[in-house]
Amino acid sequence: MKNNLITNKTLIFRILIIILLFSIISLFLSTIYIKRAALTTLAEDDAKKTSELIFETMYVRMQEGWAKKDLVKILNRMEHIRHNLEVNSYRSKDVEKIMGVIKEDKKKVNSDLLIKKAMEGEKQFVVEDNGSIRYLYPIKVSKECITCHYNSKVGDVNGVLDIKYPPNEIKISLDMMIYYFLIFFIFFIFLYFYIFYKIINKKIIEPVVNFTEEIKKVSKDTSFTKRAHIKTKTAEIYSLQNRFNKLLDTITYYYNQLLTNLYTDSLTKIPNLAKLQEDIKLYNNHSLIVVSLDSFKTINSFYGVKVGDFIMNEVARLLVKSSKKTGSVYRLHSDEFAILSNDSVSINFCEDLIKTISKKVFKYNDIDINIQATIGLAKDSKSRSLEKAILAVRTAKKEKRNIEVFNNELTLKDEYKNHIKLTSILKEALEKDQLTPFYQALENTKTKKIDKYEALARIIKDDEIITPDKFLEISKSSKQYPKITEAMIKKSFEYFKDKKDLSFSINLSMDDIKNEKTTSYLFEMIKKYNINERLTIELLESEELNHFEIINEFIKKLKKYNVQIAIDDFGSGYSNFAYIIKLDIDYLKIDSSLIENIHIDKQALKIVKSIISFAKELEIKLVAEKVHNKEIYNILTNLKVDYLQGYYIGKPQEII
């Protein structure tokens, strides 16, 4: 195909060749035409003028009375006017009656048809086979002729003048030649322009226009399925079309990749939240299940990201397999999945799914890992099913149930009303200084004494105690969170300033550490109350660890005042043993999700033992939270955890 293509340079060269050939052919044809015109119209005109000249010469001599013989001499002399010119004259019958008959001429007249026709008054112009010109000029009677030719009348033919000469002796008018030249020149200019236009239009303009039209058609098709298809032998346009189509192929590929990435979870390769939100729109009435993995952050933190990713992929495959006949599986975020069905989903299916997940043993190398899950179900929903299912799963976790079904249309509205209500309550509590610290005891396992307390924020409203899980996130969105931290610092410092035998701790988040105003206030209070050595700052371990330099600098500054540091909720979120080694900390508080089921969860017990071993190696003291029964108390005491905290030790109290 490429060998048949014409590049623009080749096209121009061919056009020039074609024009050159046309020019040569045109010149040849015009020469032939002019020659033919010279042998016809121009030659006839020339012959007529020559005949008239000869006749006028003869006529003058005839008026002087010259006889035939004398005229023959004149005609012979006239033949020298042009090379090879031959002149003859013949008498009509009327002239023969007066002047007499010349036998040779008579014989010639009778035998030559052209002479006969000329005698009848018709001019005769003939191009002979050898190209010579013959012109027979009828000599007609005028008024002057009647004097001698009394037997004739005006208009009669008295004779014929017969002249012959070769074509090279034709005398052509310069004006006529210029005229013919201009005609041919203008004609061929237009002809060449037309040819050039047709070729350029055919080879370049039409393909470009067609290509442009193809592009317009393709641009209207947002699916990128159409391609440009134009017939052309011009290499550049053909190449441009191919490159355009390849560009569309590339755009289509990356567009499909973008859609795939947009709607597919990069880890599990199943549809993601964005895809779920699109698919929900396809169903008027549907059911949605949200599956939340319990304590997955602990597994991810303790065993590492690779193990966490492995578990997540295995769970995704398990859900897809279990839900094949029920609906489509989606990954919402780190530890939550969704199952969308256009049919009604039964509670039995949810219960079976919970059992399937809990019975599954995930093996990674030599590690056996079990996980639990909580399910929220929005059944036969027509709108806002995702919000309903998420609210249901959150409720299930709060109420310590495996499954929660959303069944109240007003619940969401109540949730929003509750959000607004809590925002108002929090604002009022801060304005009226009603935020109250409650203190929860920590038992020293060696001395069996309470010598340490954790300060916890509470709001008391109409005899109702509102805990931070209700208002802490609201305070962040309403930008009241820094005020809560400052109030807790001030009130807890004031409360413990005279309790010389007790230590206490307050919680700070990464938001607090990054807030220069909050940290400045903290150090100001430390200097003012001089309770440095009895103070422990608990850093929430659930925060992101991409601010190592900020955290480390903050800890160094606290250490200058002999303030102790604890990492709270260790084992949840992003726990990283290598990270802990780099920080100068005094306590690790083991996450409550590992402690609350340690008496029945072998996996949790194994993780806690590893954390204890790690902490002892680094000479970091350990605190176990959520000790809620004697069995857990005994296990942790035997494991030699330094401090125990939980309802079994004591509930948070306003006064100790």
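Which residue in E20 is the bridge partner of Glu443? Keep that in mind while we get set up. You have a predicted model open, where local features need pLDDT of at least 70 and side-chain atom pairs count only at pLDDT 80 or more, while totals for chains, interfaces and linings use all residues. Residues are numbered from 1 along each chain as its sequence is written, and side-chain values use heavy atoms, with hydrogens and water left out.

**Stop 1: strand E12**

Select residues 435-444, which make up strand E12. Strands (E, at least two residues) and helices (H or I, at least four) are DSSP runs, numbered from the N terminus. E12 is mostly covered, with 10 of its 10 residues buried. Buried here means under 20% relative accessible area, exposed means over 50%, and partly exposed is in between (1.4 Å probe, protein chains only). Show the side chains: Leu435, Pro437, Tyr439, Ala441 and Glu443 point one way, and Thr436, Phe438, Gln440, Leu442 and Asn444 point the other way.

**Stop 2: the partners of E12**

Add residues 449-461, strand E13, which pairs with E12 in the antiparallel sense over 10 bridges. Two strands count as paired if DSSP finds at least two bridges between them. Click on Leu435 and look across to E13, where Ile459 is its bridge partner. The hairpin of E12 and E13 has four residues between the strands, and Lys448 takes a positive phi near 60° there.

Now bring in E20, residues 643-644. E20 and E12 are antiparallel and share two bridges. Here's the answer to the opening question: Glu443 has Leu644 as its bridge partner in E20.

**Stop 3: Gly646**

Step along to Gly646, in the segment after E20. Gly646 is buried, at a relative accessible area of 4%. Leaving aside neighbours within four places in sequence, Gly646 is in contact (heavy atoms within 4.5 Å) with Gln440, Lys626 and Val627. Try a distance label to Ala441 as well: C-alpha to C-alpha, Gly646 and Ala441 are 7.9 Å apart, though 205 residues separate them in sequence.

**Stop 4: a four-stranded sheet**

Finally, jump to the open sheet whose four strands run in the order E1-E4-E3-E2, with antiparallel pairing. Its edge strands, each pairing on one side only, are E1 (86-91) and E2 (124-127). Neighbouring strands of this sheet are turned by 15° against each other on average, direction ignored; axes are lines fitted to C-alpha atoms (for helices over the stretch in contact), and angles run from 0 to 180 degrees between N-to-C directions. Select E3, residues 133-140, to see the four bridges that join it to E2. One place to zoom in is Gln124, whose bridge partner in E3 is Leu136.
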